[in-house]
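Below are some notes on the model we discussed, arranged as numbered points. Please read them with the structure open beside you.

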Amino acid sequence: MTRDPKRYPLALLTSLAITLGMLILTLTLIYQAHRGMEAAKLRATSDSVEDLVFAVNDRIRSLTEPPVTALLLLRGSTLAQAETLDERLEHLDVLADILRINHIVDAAYMGYPNGEFFLLRRMPEDDTFLGAPGATQFVLQTITLDENNQLKAELHFYSSRLDLLERRANPDTGYAPQQHNWYQKAAGTNDIALTDPYVFYTTSAVGLTLARKAADTPAVAGIDVTVSALSSQLEALKLTANTEIAIVDREGTVIAYPDPSRMMAGPDHTPQLAYLEQLDVPALDRVRAMPVSTEARQFSIADGEWFGISAALRPMHGAGLQMLIAIPADELLADAWSLVRQQLWIALGLVLVLLVLGWRLGRQLGKPLEQLATEVGELSRFRFDTPISTESRIREAHGLGLAIEDMAGTIRSFQSISTTLNRSQNLDALLHGILNELISILNEKRGAIYLFRQPLSQLELAVSVGPERTAVIDGIAQHQTDTDITRDLRQRLTDHAVYAVLRNRTNELVGVLLIDLDEAHFGALDENTIRFVNEIAGSAAVAIETRQLIEGQQRMIEGVIRLIADAIDAKSAYTSGHCERVPKLAKMIVDKAIDTRSGPFTHFEMTEWERYEFHIAAWLHDCGKITSPEYVVDKATKLETIYNRLHEIRTRFEVLHRDLEIDYLNRRLAGEDDDQARPRKDALQAELQADFQFLAQTNIGGEAMDDSAVERVVRIGDRRWLRYFSDRLGLSHDERARHTAEPEPALPVEETLLADKQEHIVPWDEGRKPPVARDDPRNRWGFDMALPDTAYNYGERYNLTIRRGTLTPEERFKINEHIVQTIIMLDELPLPDRLSKVPRLAGTHHEKVDGTGYPRQLPGEALSVPEKAMVIADIFEALTAVDRPYKEGKTLTQALGIMRNMAREGHVDPAMFNLFLQSGVYLDYARGFLGEQQIDEVDVKVYTVAES
């Protein structure tokens with residue numbers, strides 16, 4: 001008897017080799033990395049702290065020392081003795097020079113013991129500050145006693161050359177300089193008084209005040225110095241990206257922090273500097289509790305290891321200042337990793353040595369595994385007839401070979417069925433494939449598959465091989481067991497067959513599969529054969545269910561798409577049929593591009609799924625219009641909203657007309673001769689008639705308005721009339737909200753005939769403002785559109801002076817926004833990967849090849865062939881549509897002439913337009929959708945555009 005050779009466990013040999021090598025490598029790396037990290041830690045903490053403290057001290061010195069000279073100059077000026085506002089205005093240039101020279105000085109001022117105040121500040125960066133005029137560079141705030149000995153507060157706005165731009169009363173009259181800390185500290189000493197940092201009363205900026213009593217009067221001069229520059233510099237002084245750094249005083253008040261918005265605490269109308277604990281930075285809280293020193297100390301908090309430094313700074317206002325620095329340990333030690341990389345080279349050498357040793361050992365152990373791997377690779381490539389080698393001295397390899405040989409035989413039995421289940425494109429092909437493969441595997445010639453129809457409680461023949469069979473089997477119920485169904489079918493069909501009841505994932509009846517057996521095979525029928533058929537039937541049932549679901553889903557998607565398109569077309573008579581015709585025309589153009597084998601379309605192809613993706617996108621290209629207000633889309637006159645507001649204006653004309661009648665009658669009653677009173681009345685009433693006719697014609701918006709027409713609208717609108725009834729009654733909530741800006745005037749009130757009122761402005765609802773600006777953080781779609789300042793402007797003059805058409809910029813944006821909503825809506829759908837381009841394909845038909853389109857301003861090179869085809873289809877359909885009540889459909893020559901100009905001007909792609917023209921697509925479409933009167937003779941050469 002031959003003795004089996006000794007075989008070694010592969011796991012043991014492999015484990016010994018890998019463990020030994022990794023042990024040596026790990027110990028070496030740990031030792032070298034530990035030494036490198038310790039050295040880097042000491043070097044990183046010692047190099048930076050003193051330089052950082054020096055830089056901050058230098059900045060503090062720059063904040064306090066330069067303004068002292070300016071304060072001394074202001075204190076010695078005669079502004080302190082000036083008693084009237086005019087006298088003080090003579091010193092305005094002195095204050096302006098102080099602000100120009102000292103960029104950190106926010107304001108220079110003089111406070112008087114009687115409550116008067118004279119302050120000049122530079123205009124803040126916020127151009128809405130106090131509602132200042134556009135060219136404002138300096139703002140003067142004054143509090144002066146008037147002739148009644150009452151304090152009067154005013155605001156003066158000056159240009160950079162101190163030209164007065166505006167002067168008005170200051171609504172904020174609660175400021176009393178003598179009650180504030182800077183005034184009181186300076187009044188009690190002959191030296192310069194320096195306040196603690198605080199939040200400025202007017203600008204809410206953080207800063208401090210230098211003040212000193214005037215030379216010969218009790219007045220006090222003051223200069224405000226902002227410390228925001230110190231906060232911004234802290235960001236640049238951070239040692240690492242996530243370093244936390246702050247400057248606090250002895251009480252823990254935050255003087256400077258890289259994020260100034262977090263330094264404020266308290267309500268909006270009385271902001272205060274926050275305390276350190278209010279910043280909610282645990283690392284800085286821990287650092288403040290440390291001893292003052294430039295030595296870094298390590299500590300732990302919930303989010304990891306940190307190094308902290310608490311360093312003393314130069315006193316700025318009598319109290320000690322501390323700079324608190326907290327540095328994440330992993331960032332501080334970043335340079336240590338360079339040392340680790342150096343050690344990796346050492347480790348690499350060791351690894352190479354291990355690789356050589358492992359290779360030699362692996363060659364001896366891996367030959368049988370390599371042979372098995374090659375054979376298994378053949379199996380993975382579906383070469384199941386590959387012979388499997390089972391001889392090896394390694395026990396595991398020998399056993400693996402035997403198992404793989406058995407597995408290959410089993411897989412061969414399922415290969416054909418698997419191929420059928422995976423590759424069938426429709427349900428009928430799937431059923432034929434399953435049946436034919438099973439008949440072949442069982443070496444039979446006849447079989448059938450019946451599908452269950454739930455509503456009819458019957459089995460319906462789907463596919464059959466062999467003789468004719470019963471087409472329908474009635475009386476089959478969903479609740480029947482597999483045994484009952486099989487028993488019934490054996491009685492009604494044949495007893496010499498293998499039956500498998502098909503059930504889906506939820507155990508619902510799908511159908512029945514049967515394979516007819518001849519006498520020999522039926523006599524040899526065993527449990528293994530029945531089990532095999534049932535297992536195949538189980539997979540087939542799931543595949544059938546999946547295919548039915550997919551086909552049902554596609555039918556549902558098609559139905560929903562057409563439902564949405566029909567709903568959009570039905571919403572407005574102006575777009576009736578548009579959503580149906582554009583997809584058809586776009587498909588015609590794309591098909592021609594695919595068939596073309598020359599020019600830019602030589603290599604253009606589309607897969608079946610890409611065609612389906614484009615088909616869905618074309619049908620949904622205007623689905624965003626479902627969000628567009630109908631009264632904007634259908635706006636036919638300038639004053640139209642839900643109704644034509646021209647009738648309101650006409651009513652005012654009627655009022656003025658009757659006022660003239662009343663005035664005429666009053667004159668007659670007063671004794672004026674009719675020959676004098678009547679011509680005056682008739683002339684004025686005729687003028688009213690002419691003016692209203694002009695406004696009514698202007699309201700139509702048919703022709704472009706010139707400057708003279710706009711001036712006439714303004715002149716007519718300036719007419720006055722008396723309103724006796726309240727305009728605040730019977731309003732909606734939103735309308736009432738737009739009236740709150742102004743109190744209701746006493747009635748009767750005189751108003752202009754045409755008005756642009758505050759309540760005509762509809763602001764954006766912040767929660768629903770469309771994210772179309774490029775810098776909007778919500779804009780994840782790449783939109784690049786100008787957003788109007790307001791959602792709507794219903795102003796009567798504003799609308800009547802629209803230069804061309806009937807739409808305001810706000811309404812034009814609302815219409816254009818439909819493409820934005822199209823993209824957003826489609827992007828929210830859980831589309832499969834093969835339909836992932838639907839939002840983009842549907843949302844680019846308003847782009848232009850010169851990059852001036854919307855919503856993303858994509859240039860021509862960024863647009864694909866199907867997208868360019870959509871642009872052509874959308875434009876041509878819109879030009880030739882005959883179902884729009886506001887215009888007649890253009891003829892072919894008119895439409896093609898317009899599109900030729902658009903191609904020349906960079907609006908549509910010239911190559912795509914030429915394809916549309918030269919392929920005859922325009923004519924094929926016209927014959928199907930245009931009226932006979934629109935189809936005129938077209939000379940293709942005349943309209944062909946030169947391609948760049």
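1. A residue is called buried here when its relative accessible area is under 20%, exposed when that area is over 50%, and partly exposed in between. The model is a predicted one, and on this scale Glu 87, with a relative accessible area of 35%, is partly exposed because its value falls between the two cut-offs.

2. Glu 87, which lies in helix H4 (residues 85-89), belongs to a negative patch on the surface that also takes in Glu 83, Asp 86 and Glu 90.

3. A nonpolar surface patch is made by Leu 722, Tyr 724 and Phe 725, which together have about 380 Å² of accessible area. Of these residues, Leu 722 sits in strand S22 (residues 720-723) and is partly exposed, its relative accessible area being 38%.

4. Strand S22 also holds Arg 723, which pairs with Glu 751 of strand S23 (residues 749-752), so that parts 28 residues apart in sequence are tied together. The closest N and O atoms of this salt bridge are 2.9 Å apart, and both Glu 751 and Arg 723 are buried.

5. How many salt bridges does the model contain? The count comes to 37, and one of the others is formed by the side chains of Asp 776 and Arg 778, with an N to O distance of 3.0 Å. The two partners of this pair can be set side by side: Asp 776 is buried at a relative accessible area of 15%, whereas Arg 778 is partly exposed at 39%.

6. Lys 868 and Asp 909 form a further salt bridge, in which the closest N and O atoms are 3.7 Å apart. Lys 868 belongs to helix H26 and Asp 909 to the loop between H27 and H28, so this pair ties together parts that are 41 residues apart in sequence. Lys 868 is buried, with a relative accessible area of 18%, and Asp 909 is buried as well, with 16%. Elsewhere, Asp 663, Arg 667, Glu 672 and Arg 680 are joined into one network through salt bridges that share partners.

7. Finally, the largest nonpolar core has 42 residues, among which Ile 589, Phe 876, Leu 896, Phe 913 and Phe 916 touch the most other members. The elements giving two or more residues to this core are helices H16 (578-595), H17 (608-619), H26 (865-880), H27 (892-904), H28 (910-918) and H29 (921-929). Helix H26 makes the greatest contribution to this core, giving nine residues.

Technical notes
Residues numbered from 1 in each chain as written. Predicted model: local features only at pLDDT ≥ 70, side-chain atom pairs only at ≥ 80, totals over all residues. Heavy atoms only, no water. Patch = residues over 30% accessible without salt bridge, like charges linked within 9 Å, V, L, I, M, F, W, Y side chains within 5 Å. Areas by Shrake-Rupley, 256 points an atom, 1.4 Å probe, with all protein chains shown as cover. Salt bridge = Lys/Arg side-chain N within 4 Å of Asp/Glu carboxyl O. Lys, Arg positive; Asp, Glu negative; His and termini not counted. Charge placed at Lys NZ, Arg CZ, Asp CG, Glu CD. Helix = DSSP H or I, 4+ residues; strand = E, 2+ residues; numbered from the N terminus. Buried < 20%, exposed > 50% of the residue type's maximum accessible area, 1.4 Å probe, protein only. Core = buried A, V, L, I, M, F, W, Y, C linked by side-chain atoms within 4.5 Å.
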